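Visitor: I would like a close look at one helix and the parts around it. Please take me through it slowly, with the terms explained.

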Amino acid sequence: MTIARPCPLRTAILARREELVLLTQELIRIPTLNPPGRDYRRICDFLAARLEAGGWDCTLIRATGSPGDCEAYPRWNLIARHKGGRAGDCVHFNSHHDVVEVGHGWTRDPFAGAVEGDKIYGRGACDMKGGLAASIIAAEAFVALYPDHAGTVEISATADEESGGYGGVAYLAEQGHFAHVDHVIIPEPLYKDSICLGHRGVWWAEIETQGRIAHGSMPFLGDCAVRHMGAVLDEMERSLWPLLAGKHTDMPVIPRARALRRSISTRSTAAHPNRPRGSPACPPLRPRPLPHHHRPPLSDRRGYRRGQSRNHRPARTRPRDAARIHLRDRDLFEVLPSMTARDAPVVRTTAQAIEAVLGQAPRYVVSPGTYDQKHIDRIGKLDNCIAYGPGELHLAHQPDEWIGITDMVDSAHVMALVLQELLA
Ligand SMILES: [Zn+2]
């Protein structure tokens, strides 16, 4: 591929810079909070109106019956399609339209889309309405320059990625909406100079210990659930964490500090006074990776599909008075790692485009958390998928989240060049 700099696509995208900023602001101003799944229909209607006016075919799809779908908060998705005049591949840009809760610490209105210098602020600016806007501007610029392009360009805006994607990409994949797709780019915020090949696996589980309630003046009649949880944590310190510390992955996971992480959070402590015997203490445990004796190495991705066991359990503990301890554990959420090969067509094409735009070879990275690639890979059976988009991963879900305008312009240029290479 030979791409001159400056190229007509660059000119076309620079001419749309203000439009890109405005579109990002408009998307931020629709507060698609998840939970509960607010304004999904509104954002799909907004995007459909824009794209239909530009000659795109738009389909709204409600993920009826998916988790959280109800009359108050229906799970709406949009697929927009631009067919060219000739046979060719289908290139699909997928963005989630939901955003996480606002949280504390904001110094700006999270739904105003304020522009300050080169930054646009707002919940979802980085994750990932900036990426969604960049892909739309890229596709519109490409279609304007190549109205008679080959194949099909698709843009989807999908629900619920922040809660697992079951009312979004998983549902669309189950309904066969990726069957005809050849290349997928997910503009998640993973740096404009990087190609994200996939994501790490996840395992969330919950451990509950139970005690027995007693009057505070007669503690010897009760049994302390917190103490039993202490024994569970103590056992984890002694045997599980050392195992995890010795576990490595060949995947280029970022940030590089430690490839494997585990964390624990508590939901409640001790016996609630209104609860009878068997009051729970301290669920949910979230040790994201797994004890290595339960699983093959992370890099052995394909083996997971065939050989995985569904019933992983954390190391059983043997606290001092084990006979009296009630311990329950339960799997909450499990995702297998996903990684696209570096020689896959969408990877090679995007690498060339990054080199043309930024004058440097791309970094190849793997996301520390999952995103919708898992559903495209596993349910859609499509390996030719990456995340590539503007924004800095560490800003996602943070107060005063922002997206860089220059980064969006450069990423849109990269995405438009990918379309030019694959479909012009
Ligand atoms: Zn995201």
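Guide: What follows starts with the whole protein, goes on to one helix and its core, and ends with a second helix pair and a loop residue.

This is a predicted model, in which local features need pLDDT of at least 70 and side-chain atom pairs count only at pLDDT 80 or more, while totals for chains, interfaces and linings use all residues. Residues are numbered from 1 along each chain as its sequence is written.

The protein has 10 helices and 17 strands. Both are DSSP runs numbered from the N terminus: helices are H or I with at least four residues, and strands are E with at least two. Of the 424 residues, 46% count as buried. A residue is buried if 20 or more other C-beta atoms lie within 10 Å of its own, exposed if 12 or fewer, and partly exposed in between, with C-beta atoms placed from the backbone. Two residues are in contact if their C-beta atoms, placed from the backbone, lie within 7 Å. Among contacts with a separation of 6 or more, 81% are between residues 24 or more positions apart.

Now to helix H4. Leu 132 is found in H4, which covers residues 125-145. Leu 132 counts as buried because it has 26 C-beta neighbours inside 10 Å. Leaving aside neighbours within four places in sequence, Leu 132 is in contact with Leu 27, Ser 95, His 97, Ala 157 and Pro 187. Its C-alpha atom is separated by 9.4 Å from that of Leu 23, which is 109 residues apart from it along the chain.

A nonpolar core is a set of buried Ala, Val, Leu, Ile, Met, Phe, Trp, Tyr and Cys residues joined through C-beta atoms within 7 Å. The largest one here has 88 residues, and those with the most contacts inside it include Ile 137 and Ala 138. H4 gives the most to this core, with 13 residues. A second, separate core has 5 residues, among them Ile 207 and Met 229. Beyond four places in sequence, Ala 138 is in contact with Ile 13, Ala 412, Met 415, Ala 416 and Leu 419.

Helix H1 (residues 8-15) packs against H4 at an angle of about 125°, with the axes 9 Å apart. Axes are lines fitted to C-alpha atoms, for helices over the stretch in contact, and angles run from 0 to 180 degrees between N-to-C directions. The angle makes H1 oblique to H4, since angles under 35 degrees count as roughly parallel, over 145 as roughly antiparallel, 65 to 115 as roughly perpendicular and the rest as oblique. On the H1 side, Pro 8, Leu 9, Ala 12 and Ile 13 take part, and the H4 residues they meet include Phe 142 and Leu 145. By class, this contact has 10 nonpolar, no polar and no charged residues. Here Ala, Val, Leu, Ile, Met, Phe, Trp, Tyr, Cys and Pro count as nonpolar, Asp, Glu, Lys and Arg as charged, and the others, Gly among them, as polar.

Helices H2 (residues 17-28) and H10 (residues 405-423) have axes that come within 10 Å and cross at roughly 110°. That makes H2 roughly perpendicular to H10.

Last, Tyr 371 lies in the loop between strand S15 (363-367) and helix H9 (373-378). Tyr 371 is buried, with 25 other C-beta atoms within 10 Å.
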